[in-house]
Amino acid sequence: MQTIKAAVCHRFGEPLTIEEVRLRAPGTSEIEVTLDAVAICHSDISFADGAWGGSLPAVYGHEAAGHVSGLGADVPGITLGDPVVVTLIRACGQCPSCGAGRPTGCEMSHDGDHGPLSTMGGGMLHQAMACGAFAEKVVVHRSQVARIPGDMPMDAACLLACGVITGVGAVVNAAGLRAGQDVVVIGAGGVGLNAIQGARIAGARRIVAVDMVPAKLEDARAFGATDTVMASDPKPWRAAKAAMGRGADAVLVTVGAAAVYDAAPRYLAGGGKVIMVGMPPSGATAEYEPVSFAYTGQSLIGSKMGEVVISRDIPWMIDMYGQGRLKLDELISRRWSLEQINEAIADTRAGTARRNVIVFG
């Protein structure tokens, strides 16, 4: 058992506190990673606000990168000192979902209340999203890490753990986008920008970004959007369809707002798909007319973590980054220390940041 610093949530909606906590050694199939960087995702903020409930006290954070500093038994292919990305995708490799090649839907349970973290007094400290990465170190299952090149900047690498794979993966995996198809991305924040560059990489003909903030639409163009539409327009789907000359083959909703899901089908062409990426609070609902989907052959598709297989998808994304075809460095708005995490969260809430990154050391 060792002592580390972590940002702890004691009450939903209140600032996190920086304090010493206890981290046990890795057990069978587990890896300890000393973190170099962790990004702040809106999911962390939603959890800390109580949008989806959960146990308290808790340590959030799930978009991280660092170096392997401890190994349990049965961890093939990983050695001490390896640079890795740490994801929340915890997969057993044996359940029906894993067997079908969908590790994001793994049916292996994880009890974060009885994970590797505890308070200094030995009390329960919830390891949120099987990571608890707003901390100096983590202990995670071996399936949650992917090795990265030793010369890759850690602040860029950590973005591959969630925002990038979620956005790019939603396009190439969940939507199955083909070259020449048309895409609408609603929300040009961190995940939305990655959906936009995923559509560019996949060869989309038109990529229309929709957002409430003009500065974000400028960012969208920098990441590959061919057209932009203000979400505040009375009927933004009309402007989007005018830009494409038709409805979209895929509409990716990257914001967690039920009202946006209500409007998303209006952007579609016949046979088109709404890809559901953003996660509204529990209890929020959207309304649809089933007859419209049945008659036009349209569909609603959930996309969890971009439906990625990290051993397959992270290596090619790293290669694309090395070629200059996948933007990672440009996603970083600011770098902060762990002690500044509440300021970084406030800056993320303001809605203009691409990705804020906590750096250690």
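In this predicted model, the second largest pocket has a volume of about 390 Å³. Its lining comprises 18 residues, of which Arg142, Ser143, Val145, Ile310 and Ser311 lie closest to the centre of the pocket. Two elements, strand S10 (145-147) and helix H10, each contribute two or more residues to this lining. Helix H10 supplies the largest share, with four residues. Classified by residue type, the lining of the second largest pocket consists of 12 nonpolar, four polar and two charged residues.

Enclosed spaces were also examined, and two cavities of 30 Å³ or more are present in the structure. The largest cavity holds about 40 Å³ of space. Its lining is formed by Ile40, His42, Thr348, Ala353, Arg354, Arg355 and Asn356. By class, these lining residues of the largest cavity are two nonpolar, three polar and two charged. The second largest cavity encloses about 30 Å³. Among the residues that line the second largest cavity are Arg24, Glu30, Arg90, His110, Pro116 and Gln127, and the lining also includes Ala130, Val139, Val140, His141 and Gln144. Strand S9 (residues 137-141) provides the largest share of this lining, namely three residues. The lining of the second largest cavity divides into four nonpolar, four polar and three charged residues.

Attention now turns to the sheets. Strands of a sheet pair through backbone hydrogen bonds, in either a parallel or an antiparallel manner. An open sheet of six strands follows the order S13-S12-S11-S14-S15-S16, with parallel pairing. Strand S13 (227-230) and strand S16 (299-302) form the edges of this sheet, each pairing on one side only. On average, neighbouring strands of the sheet are turned by 20° against each other, direction ignored. Within the sheet, strand S11 (residues 182-186) and strand S12 (residues 206-211) run parallel and are joined by five bridges. In this pair, Val185 is positioned opposite Ala209 of S12.

Helix H4 (residues 163-174) is mostly covered, with 10 of its 12 residues buried. The buried residues of H4 are Gly163, Val164, Ile165, Thr166, Gly167, Val168, Gly169, Ala170, Val171 and Ala174. The elements that cover these residues include three strands of the six-stranded sheet, S14 (248-253), S15 (268-276) and S16. Helix H5 (190-202), helix H10 (310-322) and strand S18 (355-359) are also among the elements covering the buried residues of H4. Helix H10 therefore appears in two settings, as part of the covering of H4 and as a contributor to the lining of the second largest pocket. Just after H4, a positive phi of about 60° is found at Gly176.A further open sheet contains three strands in the order S1-S2-S7, and its pairing is antiparallel. Strand S1 (2-8) and strand S7 stand at the edges; because each has a single partner strand, one side of each is left without a neighbour in the sheet. Strand S2 (residues 17-23) runs antiparallel to S7, to which two bridges join it. Leu23 stands opposite Leu117 of S7 in this pair.

Strand S7 (residues 117-118) also contains Ser118. Ser118 counts as buried because its relative accessibility is 11%, under the 20% cut-off that applies to buried residues. Beyond its neighbours within four places in sequence, Ser118 is in contact with Met1, Val21, Arg22, Gly123 and Leu125.

A second buried residue, Met154, is found in helix H3 (residues 154-157). Met154 is buried, with a relative accessible area of 13%. When residues up to four places away in sequence are not counted, Met154 touches Asp36, Ala37, Ala65, Gly66, His67, Pro83 and Ile148. One of these contacts, Ala65, is 89 residues away from Met154 along the chain, yet the C-alpha atoms of Met154 and Ala65 are separated by 6.0 Å.

Notes
Residues are numbered from 1 along each chain as its sequence is written. This is a predicted model: local features need pLDDT of at least 70, side-chain atom pairs count only at pLDDT 80 or more; totals for chains, interfaces and linings use all residues. Side-chain values use heavy atoms; hydrogens and water are left out. Two strands pair if DSSP finds at least two bridges between them. Axes are lines fitted to C-alpha atoms, for helices over the stretch in contact, and angles run from 0 to 180 degrees between N-to-C directions. Buried means under 20% relative accessible area, exposed over 50%, partly exposed in between (1.4 Å probe, protein chains only). Contact means heavy atoms within 4.5 Å. On a 1 Å grid over the protein atoms alone, a cavity is a set of points where a 1.4 Å probe fits but cannot get out, and a pocket is an open set with protein on both sides within 12 Å along at least five of seven lines; lining residues have an atom within 4 Å of a point. Grid points are joined across faces, edges and corners, and a volume is the space filled by probe spheres set on the points. Ala, Val, Leu, Ile, Met, Phe, Trp, Tyr, Cys and Pro count as nonpolar, Asp, Glu, Lys and Arg as charged, and the others, Gly among them, as polar.
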